[in-house]
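This report concerns the charged pairs, the strand arrangement and the buried core of one protein chain. It is to be read alongside the sequence and the structure shown here.

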Amino acid sequence: MNLKKELVVVSMRCGWFVAVLVAFLAPVCVQAGNVWIDIDTSERKLYVMNGQELVRTFDNISIGSNGVSESRQVGDKTTPLGKYQVSRFNHESRFHLFIGVDYPNREQAYAAYMADKITAQELEQIYQAHQRGLEPPANTYLGGAIGIHGIGNGDLAIHQDFNWTDGCVAMTDEEVDEVAQWVKIGTVVVIR
């Protein structure tokens, strides 16, 4: 490892360790009264959870047209696996409602940096966005603008039969409206 990367690793080690620990323990440590979203991509289901209690199940969600990935890159049309938090709501989305998450998370950014896919400056920008509770920049190798959204003017038949998104999780407009009633900025979203 070169000296520049060693310095970045040392300067970020504590934050990275805590983030990995939190990702590993969640949702095990989620307390009752804390709503979070569990997305099972293999079963195509979205669960609204209250601590460890199931509140609501939504069947037949759609994900990226190229499936899922742990190391997503911009334009690959995969849904990134990982633990995120709700970062924004867009009620003017062409997909009816867009509930954005803070992708890429710190672990994904760190892995991309170590693989020379993003620069130290981009890594720092992603870390700063997370520290401030903002959505990370979407203009890096990792892409961005990942979230849960409706169909909008799309075709319900296509939604029911195919994974069709560029990487987001899609559900009907009525379903995303219902999910929005339970979540707020900072709500945990686990995509697995």
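Asp59 forms a salt bridge with Lys45, and their closest N and O atoms are 2.5 Å apart. Because Asp59 belongs to strand 3 and Lys45 to strand 2, this pair ties together parts that are 14 residues apart in sequence. Asp59 is partly exposed, at 41% relative accessibility, and Lys45 is likewise partly exposed, with a relative accessible area of 22%. The model is a predicted one, and the distances and accessibilities in this report were computed from it.

In total, the structure holds 7 salt bridges. Three of them are set out below.

| Acidic residue | Basic residue | Closest N and O atoms |
|---|---|---|
| Asp59 | Lys45 | 2.5 Å |
| Asp38 | Arg192 | 2.8 Å |
| Asp166 | Lys77 | 3.7 Å |

In the pair of Asp166 and Lys77, the closest N and O atoms are 3.7 Å apart. Asp166 lies in the loop between helix 4 (156-161) and strand 9 (169-170), and Lys77 in the loop between strand 4 (68-69) and strand 5 (79-80), so this pair ties together parts that are 89 residues apart in sequence. Lys77 counts as partly exposed, since its relative accessible area is 37%. Elsewhere, salt bridges with shared partners join Asp38, Asp40 and Arg192 into one network.

Within that network, Arg192 forms a salt bridge with Asp38. The two residues come from distant parts of the chain: Arg192 is in the segment after strand 10 and Asp38 is in strand 1, 154 residues apart. Is each partner buried or exposed? Asp38 has a relative accessible area of 9% and is therefore buried, the cut-off being under 20%. Arg192, at 43% relative accessibility, counts as partly exposed. Side chains of opposite charge can pair when their charged atoms come close.

The surroundings of Asp38 can be described further. Asp38 is placed in strand 1 (residues 35-40), and its side chain makes a polar contact of 2.8 Å with the side chain of Arg192. Beyond the residues up to four places away in sequence, Asp38 touches Lys45, Leu46, Tyr47, Met49, Val190 and Arg192. One of these, Val190 in strand 10, stands opposite Asp38.

The strands that carry these residues belong to an open sheet. This sheet is formed by 8 strands in the order 3-2-1-10-6-7-8-9, with mixed pairing. Strand 3 and strand 9 are the edge strands, each pairing on one side only. Strand 1 runs parallel to strand 10, to which 3 bridges join it, and antiparallel to strand 2, to which 6 bridges join it. Ile37 has Val48 in strand 2 as its bridge partner. Strand 2 and strand 3 are also antiparallel and pair over 6 bridges, with Tyr47 standing opposite Thr57 in strand 3.

Two hairpins connect these strands. The hairpin of strand 1 and strand 2 has 4 residues between the strands, and Arg44 in its turn has a positive phi of about 55°. In the hairpin of strand 2 and strand 3 there are 2 residues between the strands, and Gly51 in the turn has a positive phi of about 65°.

The buried interior comes next. In soluble globular proteins, nonpolar side chains tend to be buried together. Here the largest nonpolar core has 33 residues, of which Ile37, Ile39, Leu46 and Ile148 touch the most other members. Among the elements that give two or more residues to this core are strand 1, strand 2 (45-50), strand 6 (82-90), helix 3 (120-131) and helix 5 (173-182). A second, separate core of 5 residues includes Trp36, Met49, Val188 and Val190. Apart from neighbours within four places in sequence, the contacts of Leu46 include Ile37, Asp38, Ile39, Phe58, Ile148 and Val179.

Helix 5 has both buried and exposed residues. Asp173, Glu175, Val176 and Val179 are buried in helix 5. Because they cover an arc of only 160° around the axis, they are on the same side of helix 5. The buried residues of this helix pack against strand 1, strand 2, strand 3 (53-59), strand 7 and strand 8 (147-149). On the face turned away from the buried side, helix 5 carries the exposed residues Glu174 and Gln181.

Key: Residues are numbered from 1 along each chain as its sequence is written. This is a predicted model: local features need pLDDT of at least 70, side-chain atom pairs count only at pLDDT 80 or more; totals for chains, interfaces and linings use all residues. Side-chain values use heavy atoms; hydrogens and water are left out. A polar contact is a pair of N or O atoms within 3.5 Å; within protein, one must be able to donate a hydrogen and the other to accept it, and residues adjacent in sequence count only if both atoms are side-chain atoms. Contact means heavy atoms within 4.5 Å. A nonpolar core is a set of buried Ala, Val, Leu, Ile, Met, Phe, Trp, Tyr and Cys residues joined through side-chain atoms within 4.5 Å. Buried means under 20% relative accessible area, exposed over 50%, partly exposed in between (1.4 Å probe, protein chains only). The arc is that of the directions from the helix axis to the C-beta atoms. A salt bridge is a side-chain nitrogen of Lys or Arg within 4 Å of a carboxyl oxygen of Asp or Glu. Two strands pair if DSSP finds at least two bridges between them.
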